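Biologist: Could you put the model up on the screen, and then we can go through it together?

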There are 2 protein chains.
Amino acid sequence: MSDALVQLKERLAKITDLERVGRLLNWDHQTMMPPAGGNHRAEHLATLRRISHELLIDDETGRLLDELRPLEETLDADSDDGALLRLARRDYEKAVRVPTELRAEMTRAAAHARPIWVKARAESSFEQFLPALERNVELRHEYVACFDGVDEPYDILLDDFEPQTTTAEVRETFDELKPELMSLIAELRDEDGDVSFLQGTFPIDRQEKLAKDVVSLFGFRPDTWRLDPTEHPFASGAGVDDIRITTHYDPTSMKSLFSTMHEYGHGLYSHQQPRHLERLPTGSPCSLGIHESQSRLWENLVGRSAPFWRLFYPRVQEAFPDQLRAVELDDFLAGINRVRPSLIRIKADEVTYGMHIILRFELEQDIINRRVELRDLPQIWNERMSEYLGVEVRNDAQGVLQDTHWASGLMGYFATYLLGTVMSVQIWQKVLEDVPTLEEEIERGEFASLRDWLGEHVHAHGRKFSPQETLRRATGTTIDPKPYLAYLRTKYGAGVAA
Amino acid sequence: MSDALVQLKERLAKITDLERVGRLLNWDHQTMMPPAGGNHRAEHLATLRRISHELLIDDETGRLLDELRPLEETLDADSDDGALLRLARRDYEKAVRVPTELRAEMTRAAAHARPIWVKARAESSFEQFLPALERNVELRHEYVACFDGVDEPYDILLDDFEPQTTTAEVRETFDELKPELMSLIAELRDEDGDVSFLQGTFPIDRQEKLAKDVVSLFGFRPDTWRLDPTEHPFASGAGVDDIRITTHYDPTSMKSLFSTMHEYGHGLYSHQQPRHLERLPTGSPCSLGIHESQSRLWENLVGRSAPFWRLFYPRVQEAFPDQLRAVELDDFLAGINRVRPSLIRIKADEVTYGMHIILRFELEQDIINRRVELRDLPQIWNERMSEYLGVEVRNDAQGVLQDTHWASGLMGYFATYLLGTVMSVQIWQKVLEDVPTLEEEIERGEFASLRDWLGEHVHAHGRKFSPQETLRRATGTTIDPKPYLAYLRTKYGAGVAA
């Protein structure tokens, strides 16, 4: 290996390590840290971010990349080193445009905004959150201004979460989804069915046990994974052998089970990253959209399916006999799959979920294009919720303040949830083609074929290719909303039966 | 403030942040990390260590220090900036001698050795641990070889834990202690007294509750502290408002209470560091010896004293009625203060503890001066335990493998335990002079005067001065074993009574 390549890899390994350490600090922040530790944490994260940014944009990185250009031209674009050089060049060329101080300030401002948002949401007061939001949005404007040669400013934000994907491309996908989803919602919104058994008393210790059961069944290994409770579920970790997922236990519902399955999908993706690329940027998940395709696949295509519940329902019935003793499997399945427009994105069903995302995707573009005043966001939010989902927002906590993303500096992120959801169905159909016995295996509690298929066809690519190229290699096609819409029509048109 | 001073402080803040992040990763490693995460963790710690070392030894640090020399000469040596420049220069001049690769390799080798030691100790097999120990000792030889102009090689290792303190100085203190301790042990070793009530059944949930009770009473604030269980108790944290202490619960004894009080002392020292020096090297604890003076003070001078137990014994009796219902306070006090030579350092009483340390201090000098073969360590260890404490070592797990230090690359560390113990008595006597009502306050459960005195006279100095200068500012004198020996003679000669 050339000296320059060795040196570049050492530099990229350091950057990767710092990024992983930052992820662990974020996990700790949300699971373990004493509350007053937040100020230290903001400084520490800003320092890690600043150092890794300086390492990336250092003249020496540019010099090494220049020196390696002739080598890169001789390498197969699919090879590990070819992909690494292509990716490193792209990361470098993006990063070098952003002043280190701005990058650190974005991290710091986000860390400071989070506790303000927590309090504002608890008190349902958008007014309290507005100054912190203004500061974070202002920093996004400064960030966007570092770039030129893009079709629209929002492309810059989107690219940080879904690389090499433009706002126009996402808009095309979402514009195809929007009328179909709205018509499906109108069709299904008044469906009957008793789902009162899903609300009631679900003791947390039993939810914890079930959460552990379901991820063990899927393939959670305690020597490499953790599962902890948090206010908001997420997946994180410090490497392929240190995966940390969280879930939220609500004593009045069993929704923790679905969020646990969701985070398992994220965790498995991180766990099955290519080991020989560990500590290199190519050995990380490809994009948030691809990440979400994995979590939605386990949550919905496995976790809300009849084969899975034929296996798992008896355990859940046994855990919550007062709630479920008298509920037949078919009624339970209909209940967990009921379509009902609601206020909160993370509680939305498979059909209405997309409209929550489209609302945010459109609103963020309005913000970045300065077409709306930030102080008007609650009103705009509420109007669009009424238009898209037919629900009335009663307070900001259940409206514009419900999600942590803007308080965490994450603008450009939301679209990936729906992109991932769409892609999850494309991937699922391909798994079913390749593993025709999959549903029978699931019903027997066997998940190895599914894990292995995803490992081989999706996870093993790491970040070597763009999201769409990764999807193409896994399924043969790029993103297409039709299979997702067909899946919804089949599942919800026909009803779900065991 | 001069530009150069601003720049130097920014650089030192980064280094301090990285050190704090490293402490958090170590805490996580021992409390939360899935076992297989150890390999990532070793790489991540080595990367943090390498980056902070590179920042410190960078030519730019030297240039800033040169530029600031005239300023330094005008500053009061006691001032914050005067102390900072003196300390930064000392840290720089030490660090610049050590190649970055060696520094990172020392961190990595230690992280790799730890799980090997865990297994070797579990199987009581020194043979298994020997290669990892050899590697770590070899790296210490390489480290020592980076320096010249010292009286003896061991000075270099000692200085990393107890700065500006020579082996000869420690030897002088220990040589004064050694015959006195050995004679005291000989005198007390056959004392009678029933302590069977200290062995038995102590349900862990009640121990947990008592541990929380005692540190709450001392002044543990849940918004800034955590207390978790670990195999080996320790104190760590990420800053003054993020303090993490751990303890070990053994269902057959109540020793967790004493280790909790010990770690509280460490935690309080970190918590009361000067806030205006946060993120600067001067805003950190001074030395491990001073650190230990704080932990031993809370564990022994508070936690094994009659006034404290007049307050706290009823709670402990209530928690463990089967064990303690029939045990009078005087008998309990005599029991927790009984002198009995034993195999394990961390279980030793106040009188025998010192000999455990002196043994290790002497042995480490023998290792570094190549006067012993590493493979002979078990035999030498066992011979000296017999000579110093009159106990026979039955296996390596209870002998040479008992402590984690050598598996963590910590050579030069042990002496600080006894230095701290000696200093704790000097400090305690000074507190009693300044706060004559202290014992009555303790008996009433009031610890604010003690916390505040320690905060003002010890903690507030941070790392501005050498350990001995810090002690002199707190007590008026430097280290002196006589008060400690007098304390032991008074306490154990007279017996302890309520």
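**Charges over rings**

Modeller: The charged end of B:Arg345 sits over the ring of B:Tyr417, at 4.5 Å from its centre. Please keep in mind throughout that this is a predicted model.

Biologist: Which residue lies over the face of B:Phe258?

Modeller: That one is B:Arg304, which is placed 4.2 Å from the ring centre of B:Phe258.

Biologist: And rings with rings, how many aromatic pairs are there over all chains?

Modeller: Searching the whole structure gives 48 aromatic pairs over all chains. To take one of them, B:Phe220 and B:Trp225 have ring centres 5.2 Å apart and planes at 45 degrees, so this pair is tilted.

Biologist: Is B:Trp225 buried or exposed?

Modeller: B:Trp225 counts as buried, because its relative accessibility is 2% and the limit for that class is under 20%. Its partner B:Phe220 also counts as buried, with a relative accessibility of 14%.

Biologist: Changing topic, how do the chains relate to each other? What turn lays chain B on chain A?

Modeller: A turn of 180 degrees, with a shift of 0.0 Å along the axis, lays chain B on chain A with an RMSD of 0.0 Å. That is the relation of a two-fold axis. The same surface serves both copies, in that 100% of the contact residues of chain B recur in chain A.

Biologist: Let's turn to charged pairs, then. How many salt bridges does the structure hold?

Modeller: Over all chains, the structure holds 102 salt bridges. One of them joins the side chains of A:Glu123 and A:Lys119, with 3.7 Å from N to O. Both partners are partly exposed, A:Glu123 at 43% relative accessibility and A:Lys119 with a relative accessible area of 45%.

Biologist: What does A:Lys482 pair with?

Modeller: A:Lys482 forms a salt bridge with A:Glu176, and the closest N and O atoms of that pair are 3.2 Å apart. The pair links distant parts of the chain, since A:Lys482 belongs to helix α21 (residues 481-494) and A:Glu176 to helix α8 (residues 167-188) of chain A, with their positions 306 residues apart. A:Glu176 is partly exposed, with a relative accessible area of 30%.

A:Lys482 also forms a salt bridge with A:Asp480, where the closest N and O atoms are 3.7 Å apart. A:Asp480 counts as partly exposed, at 24% relative accessibility.

Biologist: Which residues are joined into one network by salt bridges that share partners?

Modeller: That network joins A:Asp17 and A:Arg279 from chain A with B:Glu43, B:Glu105, B:Arg108 and B:Arg135 from chain B.

Biologist: Back to helix α8 of chain A for a moment. What does A:Glu180 touch, apart from its neighbours within four places in sequence?

Modeller: With those neighbours left aside, A:Glu180 is in contact with A:Leu485 and A:Arg489. A:Glu180 has its place in helix α8 of chain A, and it is partly exposed, with a relative accessible area of 34%. Although A:Glu180 and A:Arg489 are 309 residues apart along the chain, their C-alpha atoms are separated by 9.8 Å.

Biologist: And A:Glu43, where is that, and what is it in contact with?

Modeller: A:Glu43 is in helix α2 (residues 38-57) of chain A, where it counts as partly exposed at 24% relative accessibility. Leaving aside neighbours within four places in sequence, A:Glu43 is in contact with A:Arg108 in chain A and with B:Asp17 and B:Arg279 in chain B. Measuring C-alpha to C-alpha in the model, A:Glu43 and A:Gly445 are 46 Å apart in space and 402 residues apart in sequence.

Biologist: One more acidic residue: is A:Glu392 buried or exposed?

Modeller: A:Glu392 is exposed, with a relative accessible area of 54%, and it is found in the loop between α16 (377-389) and α17 (415-434) of chain A. Not counting residues up to four places away in sequence, A:Glu392 touches A:Leu343 and A:Ser386.

Biologist: Last thing, how many disulfides are found over all chains?

Modeller: The search of the whole structure finds zero disulfides over all chains. As for individual cysteines, A:Cys146 counts as buried at 18% relative accessibility, and A:Cys286 counts as buried at 4%.

Key
Residues are numbered from 1 along each chain as its sequence is written. Chains are lettered from A and ligands numbered from 1 in the order in which they are written. This is a predicted model: local features need pLDDT of at least 70, side-chain atom pairs count only at pLDDT 80 or more; totals for chains, interfaces and linings use all residues. Side-chain values use heavy atoms; hydrogens and water are left out. Copies are superposed by least squares on the C-alpha atoms of residues with pLDDT of at least 70 in both. Contact means heavy atoms within 4.5 Å. Rings of Phe, Tyr and Trp (its six-membered ring) pair if their centres lie within 6.5 Å; planes under 30 degrees apart count as stacked, over 60 as edge-to-face and the rest as tilted. Buried means under 20% relative accessible area, exposed over 50%, partly exposed in between (1.4 Å probe, protein chains only). A charge sits over a ring if NZ of Lys or CZ of Arg is within 6 Å of the ring centre and within 35 degrees of the ring normal. A disulfide is a pair of cysteine sulfur atoms within 2.5 Å. Helices (H or I, at least four residues) and strands (E, at least two) are DSSP runs, numbered from the N terminus. A salt bridge is a side-chain nitrogen of Lys or Arg within 4 Å of a carboxyl oxygen of Asp or Glu.
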